[in-house]
Amino acid sequence: MAHHDHLPDHLRRRGLMFILSSPSGAGKTTISRMLLADDDEISLSVSVTTRPPRPGEVDGVHYHFVDHVEFDRMIAEDDFYEWAHVFGHRYGTPKGRIRAGLKEGQDFLFDIDWQGTQQLYQKDQQDVVRVFILPPSLDELRNRLMARASDSEAVIDSRMERARSEISHWDGYDYVVINDDIDEAFGKVREILAAERMRRQRQTGLIGFVRELMS
Ligand code: 5GP
């Protein structure tokens, strides 16, 4: 938990909760991966889900995969910041290490839908930064979903339906990025994160620094 012990006092800051939402296939997962690889001050908030793993998904890395009994137990023990039904499965954000991490200057990345975003924002407006990724078109979105090839035609149709409804919540976000080109979109997301880290109210070390400066 000594995350920012290496920083000079004046650079100390509170961490933030960086939410990336988009319809599936709009590039959110790719952008998340690029961000996590590029920046060691941000780590992924790994969600808990009752959905079965897709090929290649690793328990504890992409999700914590649990059964309904375990999910119910976590609800009962108030282990979730928020949870929601999506495509007939349940998904939730475990509180775990997030609260302590934020205090230590650790940032967390959330790959969650609009319902989760609303709930997180209601719980903690100050720490939340909400970014929505849009596909350049719905045709392109369908192409990307088909290229993924792990889902049946019926599932793709239901994801397209779901995409329309997810997109209708675009105005509940602080920032919107159209993912026409993945590298460009990633660059924009990185700039948003950089600017948000410099918000005055997150820079807890500044109080002492300015006091010193003026004395
Ligand atoms: P997928 O099954 O494709 O991994 O995710 C389906 C949807 O569930 C995505 O829109 C994703 O953002 C959302 N989701 C994933 N984890 C959570 C979570 O912890 N809470 C909420 N509310 N949504 C989540």
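**Close-ups of the largest pocket and two loops**

**View 1. The largest pocket holds about 1200 Å³ of space.** The closest residues to its centre are Lys 28, Thr 29, Arg 54, Tyr 63 and Asp 111, out of 45 that line this pocket. Keep in mind while browsing that this is a predicted model. Split by class, the lining comes out even: 15 nonpolar, 15 polar and 15 charged residues. As for how such space gets found, rolling a probe the size of a water molecule over the atoms shows where emptiness remains.

**View 2. Helices and strands both help to line the largest pocket.** Which element gives the most to the lining? That's helix H1, which puts in six residues; H1 runs over 28–38. Strands S5 and S6 each supply at least two lining residues, and so do helix H5 (138–148) and helix H6 (153–167).

**View 3. The largest pocket is where the ligand sits.** Around the ligand there are 17 residues, and the closest are Ser 47, Arg 51, Tyr 63, Glu 82 and Tyr 91. Tyr 63 turns up here among the closest to the ligand, and it is also one of the residues closest to the pocket centre. Seven charged residues belong to the shell around the ligand, along with six nonpolar and four polar ones. Two strands each chip in at least two shell residues: S5 (80–86) and S6 (89–94).

**View 4. Polar side-chain atoms of Lys 28, Thr 93 and Arg 159 come up to oxygen atoms of the ligand.** For Lys 28, the distance from a polar side-chain atom to a ligand oxygen is 3.1 Å. Thr 93 has a polar side-chain atom 3.3 Å from an oxygen of the ligand. With Arg 159, an N or O atom of the side chain is 3.3 Å from a ligand oxygen. How much of the ligand does the protein bury? On its own the ligand would expose 510 Å², and 95% of that is buried by the protein.

**View 5. Asp 78 has a positive phi, near 60 degrees.** Asp 78 belongs to the loop that links helix H2 (68–76) to S5. Most residues other than glycine have a negative phi, so this kind of backbone angle is worth a look.

**View 6. Phe 87 also has a positive phi, near 50 degrees.** Where is Phe 87 found? Look in the loop between S5 and S6. Those two strands are the ones that each supply at least two residues of the ligand shell, and each also gives at least two residues to the pocket lining.

Note on methods:
Residues numbered from 1 in each chain as written. Predicted model: local features only at pLDDT ≥ 70, side-chain atom pairs only at ≥ 80, totals over all residues. Heavy atoms only, no water. Near = heavy atom within 4 Å. Polar contact = N/O pair within 3.5 Å; in protein donor to acceptor, adjacent residues only side chain to side chain. Areas by Shrake-Rupley, 256 points an atom, 1.4 Å probe, with all protein chains shown as cover. 1 Å grid on protein atoms, 1.4 Å probe; cavity = no way out; pocket = protein on both sides within 12 Å on 5 of 7 lines; lining within 4 Å. Sits in = over half its atoms within 2 Å of the grid points. Helix = DSSP H or I, 4+ residues; strand = E, 2+ residues; numbered from the N terminus. Nonpolar A, V, L, I, M, F, W, Y, C, P; charged D, E, K, R; others polar. Points joined across faces, edges and corners; volume = space filled by probe spheres on them.
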